[in-house]
Amino acid sequence: MHQPLRAANANHALFDPRLSRTLPASIALRRRLPDLRAVGIFSGVISILTLTGSFYMLQVYDRVLVSRSVETLIVLSAIALIAFLLQGLLDSFRLRMLSRIGAQFDEDLSSLAFRAASLLPLKGAKPDEAMQPLRDVDQVRAFLGSPGPTAMFDLPFMPLFVVGCFLLHPWLGWLAVGGGSVIVILAIATDVQVRAPTHEASLHGNRKQLFAESARRHCEAIDAMGMHGSMGNRWRKLSRDFRDTSLQASDVQASLGAFAKIFRTVLQSSILALGAYLAVNQEVSGGAMIAASIMTSRALAPIETAIAHWKGFVSARAAYTRLKSSLSIAVEGEQVELRAPRLKVTVDGLAVAAPGAQDPVVLNAAFELKAGDGLGIIGPSGSGKSSLARTLVGVWLPMKGSVRLDGALLHQWNRDSLGRHIGYLPQDLALVDSTIAEAISRFQVEGNSEKIIKAATAAGAHELIVGMPDGYDTRIGDGGIFLSGGQRQRIGLARALYGDPFLVVLDEPNSNLDASGDAALSNAISGVRSRGGIAIVITHRPLGLASVDKVAFVHEKSIKLFGPKDEVMAVLSRPSESTIPLRASGNSSHV
């Protein structure tokens, strides 16, 4: 029974918190827990050593000045110097450990983030959303490697200094508590005020980067049609929006941060004034007055540091929250390794819509191809041919119906394992900046030279490649920009044939080919069929059908004709026919 008709991929919410059960981001962070505990221990020792200055002042005022003992001063100074050096050494180690924790977090998630960025467009994500996982990993890594997290580790030890003030005198302790409360309120206010503009700045920054990348890709058309001025105006508007929201967040943080810094200075002076008053009344010593000022300053320092890095913290927190859901799309569960397909491809009741769209572009497609078959798919532009091709190779999910290889649904395969049995040449070729060998071998060059040459030969591209100055090591540029249209198509065809995949789907493979290229394409299709594979070719040119034995005619979102090539082409040559026989999986009916 077919599943009910629904929007394509509607069950894949981009950043749905319910998907966070997989939690690859949480797992990556949990792996760093031992390192974070070590940072916490270092922070505790550093906090204790920070008391050195207070105790040193206390001892100098209350012991050295009273006894006038130079020897005591030297011993105390030596001990304080050792403590200060140890504190600096531990603080250096702590910062280096945090940098490495951030780097390891990146190492753990970078592959998943890259995979998620590659898959999100297939689930209906907008272009700026698709790259978000990569930016989020960078954001979290940058924050973990900054001084910002040290404030989080130092905050739990803040009561230690406040208790020290209480031990010197209760009034000093209560003044420290009151001042600390004000600083905490400032931190909360910073979070509330910075969160929204930081989010807006992130969105505008993403749009700005996306526009710049789009302009880079289409630079030839922009230059040829004199669009630099209008594109520049659009860029200035995007930059202005980004600057305005960034400045808003920075202004809030700078204002509250400056106030917190001034308030801490005022609080220190207030502690000194109160200590002086208590010393005049002989309730505390002069050393206690100085020690209380230092301890109050140290107690409030983590909060001030947190406010200074609050924008980074808010961005990292939002990035981590998104990663917990967005990376789940890239996690595949354990699956039984199915054997290589070798018998048939079955399409049953297939309905297809573009990712994120509601309206189907293919309806009720059904046919079966067996090993050795070659199918040509023809029809007017916009009839759904390319959409059908994307679904046949598993790039798009069906709204309804199924595509099976040897009886197994495509989603029953691990995607990388399935990819070894599929060759796909999309209309835009999708060539990534690399060498020719890397492009053909799907970036699996090492140890696969024979397979690379075999695929290039099957595509009729070997002589073309070795005729280039660097042969198979020739770089092709992003999108194959360093190659001609025909050369790009030959390289793309060789990639589709690499590894002798069972199912080869070619979308407009001869749009840029000359006569020799058409002959090479026909030979390649014949080669796929002769070795027991299945070839599917989408084309507008009759030469593209030379080596297939079946044809499907697609019109108005559905397959109107399917059958032996000669019979289908004979029907299409009689446009006055009022009925068209449809043959699918051995059955005949009328449309």
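**Close-up views of a two-domain predicted model**

**View 1. Where domain 1 meets domain 2.** Across the interface of domain 1 and domain 2, the rule finds zero residue pairs in polar contact, counting pairs with both residues at pLDDT 80 or more. (A polar contact is a pair of N or O atoms within 3.5 Å; within protein, one must be able to donate a hydrogen and the other to accept it, and residues adjacent in sequence count only if both atoms are side-chain atoms.) On the side of domain 1 that touches domain 2, the residues split into two nonpolar, one polar and four charged. (Ala, Val, Leu, Ile, Met, Phe, Trp, Tyr, Cys and Pro count as nonpolar, Asp, Glu, Lys and Arg as charged, and the others, Gly among them, as polar.) This is a predicted model, where local features need pLDDT of at least 70 and side-chain atom pairs count only at pLDDT 80 or more, while totals for chains, interfaces and linings use all residues. Residues are numbered from 1 along each chain as its sequence is written, and side-chain values use heavy atoms, leaving out hydrogens and water.

**View 2. The salt bridge between R115 and D416.** The rule finds one salt bridge across the interface of domain 1 and domain 2. (That takes a side-chain nitrogen of Lys or Arg within 4 Å of a carboxyl oxygen of Asp or Glu.) Look for D416 and R115: they form a salt bridge, with their closest N and O atoms 3.7 Å apart.

**View 3. R94 inside helix α4.** R94 belongs to helix α4, residues 70-119. (Helices, H or I of at least four residues, and strands, E of at least two, are DSSP runs numbered from the N terminus.) With 4% relative accessibility, R94 counts as buried. (Buried means under 20% relative accessible area, exposed over 50%, partly exposed in between, using a 1.4 Å probe and protein chains only.) The side chains of R94 and D154 are joined by a polar contact of 2.9 Å. Setting aside neighbours within four places in sequence, R94 touches V39, F42, S43, I46, T150 and D154. (Contact means heavy atoms within 4.5 Å.)

**View 4. D500 and its positive phi.** Most residues other than glycine have a negative phi. D500 isn't a glycine, yet its phi is positive, near 50°. You'll find D500 in the loop between α19 (485-497) and β7 (503-507), and it is partly exposed at 35% relative accessible area.

**View 5. E556 in a loop between strands.** E556 also isn't a glycine, and its phi is positive at about 50°. This loop runs between β9 (550-555) and β10 (558-564). At 59% relative accessibility, E556 counts as exposed.
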